[in-house]
Amino acid sequence: MVKEKALPRHKGVYILPNLFTTASLFLGFLGMIWAIEGRFEYTALCILGSCLFDGLDGKVARLTNTTSEFGVQFDSLADLVAFGATPGLLMYQWQLSEFGTLGLMASFLLVACGALRLARFNVQSAVTSKKFFIGLPIPAQASTLATLVLFAPHLPEPWQADVLPVASLVLVYVLSFLMVSTMRYASFKEYGFIKAHPFSSMVTVILLFVMVASRPKMLGFVLFMVYILSGPVYTLFILSPRSSKLLRDSQKGSQPN
């Protein structure tokens with residue numbers, strides 16, 4: 001009598017880190033609803049809240065040793081909604097709809113490049129350095145646009161009517177390009193907030209916290225723009241000359257005497 005092979009048991013799913021991912025996904029979905037209703041500041045806050053939960057799910061998974069391939073894939077799908085579809089819809093409803101097809105394609109490009117960025121990250125995460133991201137991280141892109149919505153009321157009224165729509169369109173195209181570029185962005189993963197650091201680092205962190213807390217809607221956007229610019233500055237003006245120098249030194253060393 002031939003024995004039937006036992007069916008493979010399904011692997012378990014860790015609940016705690018995936019709850020944080022689900023919360024991030026929910027806020028992304030809620031943000032889309034509010035963007036359709038024209039409640040753009042609420043949508044921006046939903047995106048920032050999604051970033052918070054997106055950071056917590058990975059931290060919780062590592063601290064509790066509950067990382068899994070399922071969690072990685074679920075996190076990517078949630079990120080595409082919260083940091084791809086939601087910012088794309090937000091920008092179209094808020095500023096880009098007046099540009100017609102150009103604005104529509106800019107919003108779609110944001111979502112498409114976000115999907116490509118996530119797919120490339122999943123493929124390359126095991127073989128790339130933990131110190132830097134290759135391309136702008138999709139949460140940073142979404143947070144930049146969210147803080148722009150919160151920052152906009154501080155602009156002069158003529159700028160809000162004439163400059164802001166065009167600036168938003170250009171910014172969306174630039175952020176889409178940066179996500180799929182090879183610019184290096186600091187990941188801060190190896191910094192470690194639990195590790196011991198010099199006293200000056202603590203003072204710097206406190207000063208930044210006080211500055212942002214005093215004017216969060218204004219300085220939040222400024223800080224994210226500094227991070228956006230840090231990638232091209234580091235890649236083009238620090239990394240490229242250093243790589244060129246190493247290449248020249250290696251070529252000199254390989255030449256026969």
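**Helix 5–helix 6 packing and the second largest pocket**

Helix 5 and helix 6 are roughly antiparallel to each other, a class that covers angles over 145 degrees. In this predicted model, local features need pLDDT of at least 70 and side-chain atom pairs count only at pLDDT 80 or more, while totals for chains, interfaces and linings use all residues. Residues are numbered from 1 along each chain as its sequence is written, and side-chain values use heavy atoms, with hydrogens and water left out.

The two helices, 5 and 6, pack at an angle of about 170 degrees, and their axes are 10 Å apart. Contact (heavy atoms within 4.5 Å) joins Ile-138, Gln-141, Thr-144, Leu-145 and Leu-148 of helix 5 to Leu-164, Ser-168, Leu-171, Val-172, Leu-175 and Met-179 of helix 6. By class, this contact of helix 5 with helix 6 comprises 8 nonpolar, 3 polar and no charged residues.

The second largest pocket has a volume of about 160 Å³. A pocket is an open set of points on a 1 Å grid where a 1.4 Å probe fits, with protein on both sides within 12 Å along at least five of seven lines; lining residues have an atom within 4 Å of a point. Its lining includes Leu-148, Trp-159, Leu-164, Ser-168, Leu-171, Phe-221 and Met-225. Two or more lining residues come from each of helix 5 (138-151), helix 6 (157-179) and helix 8 (216-254). Helix 6 gives the most to the lining of this pocket, with 6 residues. The lining of the second largest pocket divides into 10 nonpolar residues, 1 polar and no charged.

Key:
Points joined across faces, edges and corners; volume = space filled by probe spheres on them. Helix = DSSP H or I, 4+ residues; strand = E, 2+ residues; numbered from the N terminus. Nonpolar A, V, L, I, M, F, W, Y, C, P; charged D, E, K, R; others polar. Axes fitted to C-alpha atoms, helices over the stretch in contact; angles between N-to-C directions. Parallel < 35°, antiparallel > 145°, perpendicular 65-115°, else oblique.
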